[in-house]
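Please walk through this structure with me, from the whole chain down to single residues.

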Amino acid sequence: MRIWRNQTNNATICATVHNERSKKLHFNQMKVALFKPNILMIVGFRGGMMGDLPKRCFCLCLYVIISMSLPGCLSRSSSTGNVALDDAPGEPVSSCPLRVKYSCFQSSVVHVQVLVSFDTGSTSAVFHKSWTCEPGHSRTRLVNVRFPDWLVYRPDWIIHGSDWVLSCLLRAWIGPDESTGPGRFPGTSVTVLLDIQSPLSRPFKQHQLCAKWDTDLLWRVRRDDMPQCLEENEVASLLSTIYASTGERYGIIKTLQPFRNEVLEGLRIKSIYYPWFAVSLWVLVEKPCSNPLCGLLLHIDSEDNYVTPTMFLTDTGKIHVQVHGDARYSSAFLSSFKVPLHQWCRISLEILGRVATISIACTEGQQKFVSTAEHVFGKNIMLDDTQGYFVIGGGKFVRGIEGYYGPATYYRIEGLPADQAEIDPPPVISKVNITGWFQSCENFKSELFLSALDDSLAVRRSSDSCLDTYTELQMNHSTLNSTEQCMFFESNPYRCQAAQLTKLLSQKYGRVNASAVGRILYALVLRKISTAHSLDVIARVKPFLLQSGCLGDNRALHLASVLYSSGFGVRRQPYKAWLLALLAAQKDWRLALLRLGHMHHVGDLEVTPDRDLSYAYYINIARQTSIDQKNPSPQQTFVELIRLNDEETLKAQTNENHDLFHWLKLQARSGVAEAEQAMGRMLFWGQQGVSPDIQTAVKHYERGAVKLHDPVSMYDYAIVLLTGQGVPKDVQKAVTFLKKAIEQGFVPAITALGWYYEQYEKDYEKAVHLWEEADAKGHPDAAINLGVFYSQGLYPGQPADQFKAYKYYLKSAQRGHLNGGIELADIWIHGIPGRVARRPADAVLWVKWASEQNGYLGTVLRNGLNAYFRGDWIMSLIYYLSAAESGFEAAQFNVAYLCELNSVSLDPALVTQCMLRYYNMSIQAQDPAPYALIRMGDLFCGEQALGRKEVSDAAELYKQAALKNEPQGWYNLGLLVQSGESLPFSVLSELNLLHLHLTDRQMLLSTLYQRCRETNSTDAYLPCTLALFSAHLQSLQLHQDTAVKLIATVSAAVGALSFVFGLIKWRTTPLHQTSQSQASASSQTQEEES
């Protein structure tokens, strides 16, 4: 990456005129063409291209001189005659009778012509007719002017293509011969400009010919699919909402495609070497840039170079603008103004040729700040906005700002609009109102800490205690005493309680710390909720949550955001929920990042889906997850997908005091290798309800490796020896255990030994040899290591190859490696030019999957499960709600399940809405739980949820559950049929039951219940059998006469067969007994003889 500093340039440049320029150019050309052809290029070109005042005045004066001199010219010269057009059409039509009035002063030729011009600059005469004219009186001739079909009609089965036309002229003139063009004298020529419609806006032609039957059929089928004239905007929205930036190397990646409109694309290509564009970006900077440069808007080409336009924020607060020119020439300049803190500001950059104008407009309440700077580049600059990609925020090589990015607009082939003079923030900024929160929060903190400064604290403090800077300033400069502050808090009991808590802390510890007060407030809120018996408590503790968040506790901000989003205990306020999530995410709180990533991925009532923005949030927490897994801590827990209706998984959960844990511990001491592995895994990662204890886990690894010679334990013990986790680092001892594990065929040990050779021996050849061997055996770590080597050019004897790296990343991700998924997503979000296309939708799924393995999310899920085991359903609901609003499917399921289980304690409307919202979220996952599908289907069948029945939707959900071998899905489909509902064709087709649609309904019903019984579910066998029996009884009742005859026939047949079999059995039994007795007697005789 190259960053170019400011270059002084005193060159001047003429202003230019943009898109309207071409229209004015044609107008000038037409007017001048009436008088003198050799002035066309001077007046027309310069009038259209030159924007400076002297040349415009020159053109105007020249036009006036020519106009005034025309009568004198006519008096001194002779013209050939006069011509005029009557009833000229306003636009091209298929056939137009045109009356041409003409008179000649000498033998001449009259011409009528239709001339079209194209955007390429070429012209073509599509109609031309001429005839001779003899001197005499004025005459009129009727000319049938015919326009070509491709100029008049839309494309169809005969007209295969309609052309774009820039202009169309209908003109007539009189000349001395057939080769003479329009004359220079008035009256000898006339021109009419016709209006042109775009090809797909023209009418269809009613053909008089009959098409062949196959052509006509194809035309009728495809007529509705004919291409329409698509609206294509010259303005690209890079960001339409708000992005919370943590100041790291993450940003919103956008790419632009060529225009589909040929005219717009032509203008874009022409402006590559003489760009004419503008960009507008809203930002709110929280802290000054901590690096020399922070990214605002980056444009990066395929070679990882910054190109036009690129904007940075410097550590001094100024804006650094960088452009790229011909011959790899680059230039940059600094703005003369600085970007203020804590204000929404619109930064606008407009480049017209070589002239760049950078401006800023800030607003804070009624105060507004506007400043502008201009710079002229010495050389032409280049801009191909379809090359590379744009980034709003931080990129691979530079950090973003610590603050917020607002709506960003890019004007591709035009300058800033006239309404840029208005600096009112966009609606989304006003509705979220981040600055309003900052102001209220600062007021609250000022009032809170001033109330805590009583006389005793102000006069005497212990020598070993100190106040923070903020409190010191308040003490020294405050004019309000504590009595006045108490008077303020009497009007707000919630703030009064917070003030009392702050006073107690200051008296006890001798200092006032905002974050400490926030943590205690949050702990008090959780304690209050855990002792409550209804959700009414949430409304009472909500103010304390907001106060805790204001004082710096991001957990409180996230929880308050979740409550406002879900509507549990408080009125649902989506914009306030969004505001609180943005505040927590900007402080890098992981669950808030997850929540915003999920919100922008699936969309909401107030937010449209934006995969690129969703990726920016997800990649942040995904990278953190990779780092967190290398640094386990007590605050992290292994993420386990546990649904509260899964009894088997719930039974497997344990803790240090549980019988299962003690049984595993006893098994491990008895020398069971699998028990040692399980104990080590649970203690190291905090799985199955066990608290993380790395030191104890290492002891289990060591015992399994040394005493039991278990390859898994030897590998785990070697890894902690290599990294020094829970045990002093001992590399040689680790290598010894790795080699022993390899001897027993443990593949992960091969990869780990390769890592040792790469990290400690720097023997890359040996490392890649081992990794290739492990990769061939399907180990994901080996594939990611090989991908990194190819990406960084470290593979021995091979140059850097991003495409080979991509293939290894893909293998690693498909094998379930977290870093493999992250690197694969990174390639899919950027693409590899000419090799791998951008796949932002798939990239988001991979980083979402990686993010949901974060240990801090695992802790929240574990807290929810522990609360469920304790019987504290409200706290369990709160914890699962925090993860559910962040997009974790199992948590969404558990929230709906808890609402269903505790329907007696909750308002019925809230239960219905809870189940509808969170079961619906749950079934959007790639592999939804069958139970969620069933319950959503039940909600669609009932009228309480939506106020109406949605049988087709319910059948679709039941079908999905049935295809997952869920007997309840088959059973509920049977209930729909039994109640008289008709199943959709698509459902029957996917269930391979479409052939039963036209048969007896009872046949379909019996088949559904039969498949329900065949699911091999022990619990479902009896109800499915009873339902099948009931279906058969109904069938008998519907066909009573036939049934009676059938029963009589079957009974007679059964009776006859029973009689025959009984007779045969009676006759064969004595013979069988006789043969047995003979055989026993014979054997007895043989024994006696022996």
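What follows moves from the overall chain to a strand, two helices, the cavities and two side chains.

This is a predicted model. The protein chain has 41 helices and 21 strands. Its 1090 residues are 48% buried. Contacts in the chain reach far along the sequence. Of those between residues at least 6 apart, 64% join residues at least 24 apart.

Start with a strand. β12 covers residues 293-300, and eight of its eight residues are buried. The strand is therefore largely enclosed by the rest of the structure. Which strands pair with β12? One is β13, residues 310-314, which runs antiparallel to β12 over four bridges. In this pairing, cysteine 294 stands opposite leucine 313 of β13. Another is β20, residues 389-393, again antiparallel to β12 and again over four bridges. Here histidine 299 has phenylalanine 390 of β20 as its bridge partner. In a regular strand, side chains alternate between the two faces of the sheet. Burial of β12 takes in every one of its eight residues, since all eight fall under the 20% cut-off for relative accessible area.

Now turn to the helices, beginning with α30. This helix holds twelve residues, 840-851. At 1.5 Å a residue it should span 16 Å, and its end C-alpha atoms are 16 Å apart, so the two values agree. Which residues of α30 are buried? They are Ala843, Val844, Trp846, Val847, Lys848, Ala850 and Ser851. A lysine thus appears in this list beside a tryptophan and two valines. An α-helix has 3.6 residues a turn, so residues three or four places apart point the same way. The cover over the buried residues of α30 includes α17, α18 (611-630), α28 and α29 (818-830).

Helix α31 comes next. It has 16 residues and reaches 22 Å from first C-alpha to last, close to the 22 Å expected. Its buried residues are Gly855, Leu857, Gly858, Thr859, Val860, Leu861, Arg862, Gly864, Leu865 and Ala867. What do they pack against? The partners are α17, α19 (647-651), α32 (873-884) and α33. Helix α17 therefore deserves a second look: it is named among the cover of the buried residues of α30, and the buried residues of α31 pack against it.

Next, the empty space. How many cavities of 30 Å³ or more does the structure hold? There are five. The largest encloses about 100 Å³. Its lining has 13 residues, and those closest to the centre are Glu640, Ile642, Leu861, Arg862 and Tyr880. Two elements, α31 (855-870) and α33 (889-901), each give two or more residues to this lining. The largest share, four residues, comes from α31. Leu861 and Arg862 are also on the list of buried residues of α31. By character, the lining divides into nine nonpolar, two polar and two charged residues.

The second largest cavity holds about 60 Å³. Its lining consists of Ser565, Arg572, Pro574, Tyr575, Ala577, Trp578, Arg595, Met599, Asp604, Glu606 and Val607. Helices α16 (574-586) and α17 (590-602) each supply at least two of these residues. The largest share, four residues, comes from α16. This lining divides into six nonpolar, one polar and four charged residues.

Two basic side chains close the tour. Lysine 811 sits in helix α28, residues 802-814. Helix α28 is also among the elements that cover the buried residues of α30. Is lysine 811 buried or partly exposed? It is partly exposed, because its relative accessible area is 29%. Beyond neighbours within four places in sequence, lysine 811 contacts Asp775 and Ala783. Proline 780 lies 31 residues from lysine 811 in sequence, with 7.2 Å between their C-alpha atoms.

Arginine 268 belongs to helix α6, residues 262-270. It counts as buried because its relative accessibility is 6%, and the cut-off is under 20%. What does arginine 268 touch, leaving aside its neighbours within four places? Its contacts are Pro258, Phe259, Asp384, Asp385, Thr386, Arg412 and Ile413. Two aspartates and an arginine are thus included in that set.

Notes:
Residues are numbered from 1 along each chain as its sequence is written. This is a predicted model: local features need pLDDT of at least 70, side-chain atom pairs count only at pLDDT 80 or more; totals for chains, interfaces and linings use all residues. Side-chain values use heavy atoms; hydrogens and water are left out. Buried means under 20% relative accessible area, exposed over 50%, partly exposed in between (1.4 Å probe, protein chains only). Contact means heavy atoms within 4.5 Å. On a 1 Å grid over the protein atoms alone, a cavity is a set of points where a 1.4 Å probe fits but cannot get out, and a pocket is an open set with protein on both sides within 12 Å along at least five of seven lines; lining residues have an atom within 4 Å of a point. Grid points are joined across faces, edges and corners, and a volume is the space filled by probe spheres set on the points. Ala, Val, Leu, Ile, Met, Phe, Trp, Tyr, Cys and Pro count as nonpolar, Asp, Glu, Lys and Arg as charged, and the others, Gly among them, as polar. Two strands pair if DSSP finds at least two bridges between them. The expected span of a helix is 1.5 Å times one less than its number of residues.
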